[in-house]
Amino acid sequence: VRWLWDRSFPVFDSSGIHAYAVGLIEDITDFKEVEAALVESREQLEERVRQRTAQVEEQAELVKILVQSAPAALYVINREGEVTFCNRATAEMLGYAGSDEIMGKNAHKLMHYAHADGTPYPVTSCPIFSCFHDGMDQRVDDEVFWKKDGTALQVEYQARRIRRADSIAGVVVSMVDISDRRNHEIELRHKQKLEAVGRLAA
């Protein structure tokens with residue numbers, strides 16, 4: 001099969017009467033074959049993009065399920081301090097009915113606004129927010145977060161930067177409730193003191 005391009009031009013005599021026509025024909029088979037190859041290549045590329053997009057979406061959904069099911073509390077904040085992601089464990093740990101009560105709120109004002117003694121905790125002193133300007137991940141072994149009902153919760157947490165290009169887009173915070181561990185340590189120290197007093201009395 002050959003592809004041809006043709007075009008005709010009328011030719012008039014000196015009196016303006018149509019005398020004859022001139023026709024041009026060009027073989028454009030090579031051009032059409034290249035065009036068809038380009039179309040096929042584009043369709044193949046679009047199909048690969050669709051497949052890759054489906055894979056990425058599937059992987060993202062899997063990661064979301066895993067994070068939501070994780071026993072550790074995880075939440076993400078943006079540069080404005082707003083919660084952009086919060087898993088189920090975070091809501092449960094802080095006494096909220098669901099993640100929707102936390103999403104979009106300022107994390108520091110919601111759960112990290114005061115020290116254990118009740119004095120205000122300035123956001124400028126918060127290790128989590130220091131990730132944005134210090135450019136370092138943070139780990140805190142003994143800190144207080146505040147639950148929905150206003151009671152204090154002793155936690156251990158890590159704050160890790162989320163980088164995009166050359167800037168820090170957000171921070172992901174993972175925290176563990178250490179209240180039982182701290183209470184056990186207090187009970188153990190109290191028991192040791194009583195044993196020491198007993199030995200002295202004897």
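# Notebook: a sheet, helix α4 and some ring pairs

**Entry 1: N78.** I began with one residue, N78, and asked whether it is buried or exposed. N78 counts as buried, because its relative accessibility is 15% and the cut-off for buried is under 20%. I note here that the model is a predicted one. N78 belongs to strand β3, which covers residues 73-78. I then followed its side chain. It reaches the backbone nitrogen of E82 at 2.9 Å. I also looked up which residues N78 touches, leaving out those up to four places away in sequence. They are T84, F132, A169 and G170. Two of these names, F132 and G170, come back below.

**Entry 2: the sheet.** Next I looked up the sheet that holds β3. It is an open sheet of five strands. What is the order of the strands? I read β4-β3-β7-β6-β5, with antiparallel pairing. The edge strands are β4 (83-86) and β5, since each of them pairs on one side only. On average, neighbouring strands are turned by 30° against each other, direction ignored.

**Entry 3: β5 with β6.** I went through the pairings one at a time. How many bridges does the pair β5 and β6 have? I found seven, in the antiparallel sense. R139 has Q158 in β6 as its bridge partner. F145 stands opposite L153 in β6. β5 and β6 form a hairpin with five residues between the strands. In that hairpin, G150 takes a positive phi near 90°.

**Entry 4: β6 with β7.** β6 and β7 run antiparallel, and 10 bridges join them. I162 stands opposite G170 in β7. G170 is also one of the residues that N78 touches. This hairpin has two residues between its strands. A165 sits in the loop between β6 and β7. I stopped at its phi, which is near 60°. That is a positive value in a residue other than glycine. Most residues other than glycine have a negative phi. Is A165 buried or exposed? A165 is exposed, because its relative accessible area is 75% and the cut-off for exposed is over 50%.

**Entry 5: helix α4.** I turned to α4 (127-134). It packs on the sheet and touches β3, β5, β6 and β7. Its direction makes about 155° with that of β7. The helix is mostly covered, with six of its eight residues buried. Which residues are buried? I listed P127, I128, F129, S130, C131 and F132. What covers them includes β3, α3, β5 (138-146), β6 (152-164) and β7 (167-177). After α4 comes G135, whose phi is positive, near 70°.

**Entry 6: aromatic pairs.** I counted three aromatic pairs in the structure. I looked at Y113 and W146. Their ring centres are 5.8 Å apart and their planes stand at 25°, so the pair is stacked. Y113 lies in the loop between α3 and α4, while W146 lies in strand β5, so the pair ties together parts that are 33 residues apart in sequence. Y113 counts as partly exposed, at 34% relative accessibility. W146 counts as buried, at 9%.

F129 and F132 form another pair. The centres of their rings are 6.3 Å apart and the planes are at 45°, so this pair is tilted. Why are F129 and F132 separated by about one helical turn? They are three residues apart in helix α4. An α-helix has 3.6 residues a turn, so residues three or four places apart point the same way. F129 and F132 are both buried. F132 is also touched by N78 of strand β3.

**Entry 7: a charge over a ring.** I looked up K32 and W3 as well. The charged end of K32 sits over the ring of W3, 4.7 Å from the centre of that ring.

**Entry 8: P122.** I closed with P122, which is in the loop between α3 (107-111) and α4. P122 is partly exposed, with a relative accessible area of 41%. How far is its C-alpha atom from that of R2? The two C-alpha atoms are separated by 78 Å. P122 and R2 are 120 residues apart along the chain.

Conventions
Residues numbered from 1 in each chain as written. Predicted model: local features only at pLDDT ≥ 70, side-chain atom pairs only at ≥ 80, totals over all residues. Heavy atoms only, no water. Helix = DSSP H or I, 4+ residues; strand = E, 2+ residues; numbered from the N terminus. Buried < 20%, exposed > 50% of the residue type's maximum accessible area, 1.4 Å probe, protein only. Polar contact = N/O pair within 3.5 Å; in protein donor to acceptor, adjacent residues only side chain to side chain. Contact = heavy atoms within 4.5 Å. Phe/Tyr/Trp six-rings, centres within 6.5 Å; stacked < 30°, edge-to-face > 60°. Lys NZ or Arg CZ within 6 Å of the ring centre and 35° of its normal. Pairing = 2+ DSSP bridges. Axes fitted to C-alpha atoms, helices over the stretch in contact; angles between N-to-C directions.
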